[in-house]
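Biologist: I should like to request a close look at one part of this model, the aromatic side chains and their exposure, set in the context of the whole fold.

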Amino acid sequence: MRSKIRSLISIIRLAGLAVAALAMWGFATIAEEVLEKESYAFDTFILLALRQLHTPLRDQIMLGFTFLGEPNLLVVICLSLGIVLLARNHRSEAATIALAGGGAIGLNLLLKRLFARARPQLWERVVDVRFYSFPSGHAMISMVIYGLLGYFLGARFPKQRWSIYILTVVLIAAIGLSRLYLGVHWPTDVIAGYTAGLVWLITCIITLEIWKELRSLTTAAKEEFLSQGNSRE
């Protein structure tokens, strides 16, 4: 049974690495188009199409979704979740959420400064934004934090796992859409944020699973050693 579980985990890791590699390729492709300014026509077309959908009610709904992706809120979620996990003696998960959140924020700031892309100015915005545009911090960080939270909840409630995953995807997608609707990001900013966030999310999950497996193997080896010692006595 243990060998089957290890084989399954190995398959999951390989699939995760494949998805991460594909996401990295996607990010590199988008970044190249952004640097060469080849995505302007596509970006502008999408934003102007979304501009036609604006209504006061939709404005408020999108402001609500964009609030759920605010980095400050996500930091609070990270800290709260980390404290809860530590209180329940889930140290590996607590360390992972801290690493995931801190790494996502730091990486996003680094990429923004590296590309230094200006934000769209196609209409007067209702949201005040000042920093660079590429990649979207809301898309990237929400992908990591809400994705990891969905992963934890799916493991905790296996019967509702797919419902949790679907709701997580819908929430993350709505946050990215809200940034486009409000005109504060180009579509390629959001797509790049998702791809970069997915790479980091998969990295954190795989690291957590390897960490947990190594700890379980160490514990099993210690128990076997102690049982052998007791049997000799």
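What relative accessibility does Y132 have, and as what does Y132 count: buried, partly exposed or exposed?

Modeller: Y132 has 34% relative accessibility and therefore counts as partly exposed (buried is under 20% relative accessible area, exposed over 50%, partly exposed in between, with a 1.4 Å probe and protein chains only). F131 also counts as partly exposed, at 29%. The model is predicted, so local features need pLDDT of at least 70 and side-chain atom pairs pLDDT 80 or more, while totals for chains, interfaces and linings use all residues. Residues are numbered from 1 along each chain as its sequence is written, and side-chain values use heavy atoms, leaving out hydrogens and water.

The structure has 5 aromatic pairs (Phe, Tyr or Trp rings, the latter by its six-membered ring, with centres within 6.5 Å; stacked under 30 degrees between planes, edge-to-face over 60, the rest tilted). F131 and Y132 form a tilted pair, because their ring planes meet at 40° and their centres lie 5.3 Å apart. A further ring, that of F157, has R156 over its face, 5.0 Å from the ring centre (NZ of Lys or CZ of Arg within 6 Å of the centre and within 35 degrees of the ring normal).

As for the whole fold, the protein comprises 8 helices and 0 strands (DSSP runs: H or I of at least four residues, E of at least two, numbered from the N terminus). From the N terminus the order of elements is α-α-α-α-α-α-α-α. Of its 233 residues, 41% count as buried.

Two cysteines belong to this buried share: C78, at 13% relative accessibility, counts as buried, and C204 likewise counts as buried, at 3%. The structure nevertheless holds 0 disulfides (cysteine sulfur atoms within 2.5 Å). The cysteine sulfur closest to that of C78 is in C204, 10.0 Å away, which is too far for a bond. Seen from C204, the closest cysteine sulfur is that of C78, again at 10.0 Å and too far for a bond.

The second largest pocket has a lining of 19 residues, with E70, P71, K112, R119 and H138 nearest its centre (an open set of points on a 1 Å grid over the protein atoms alone, where a 1.4 Å probe fits, with protein on both sides within 12 Å along at least five of seven lines; lining residues have an atom within 4 Å of a point). Helix 4 (71–87), helix 5 (91–115) and helix 6 (137–156) are the elements that each give two or more residues to this lining. Helix 5 gives the most to the lining of the second largest pocket, namely 4 residues.
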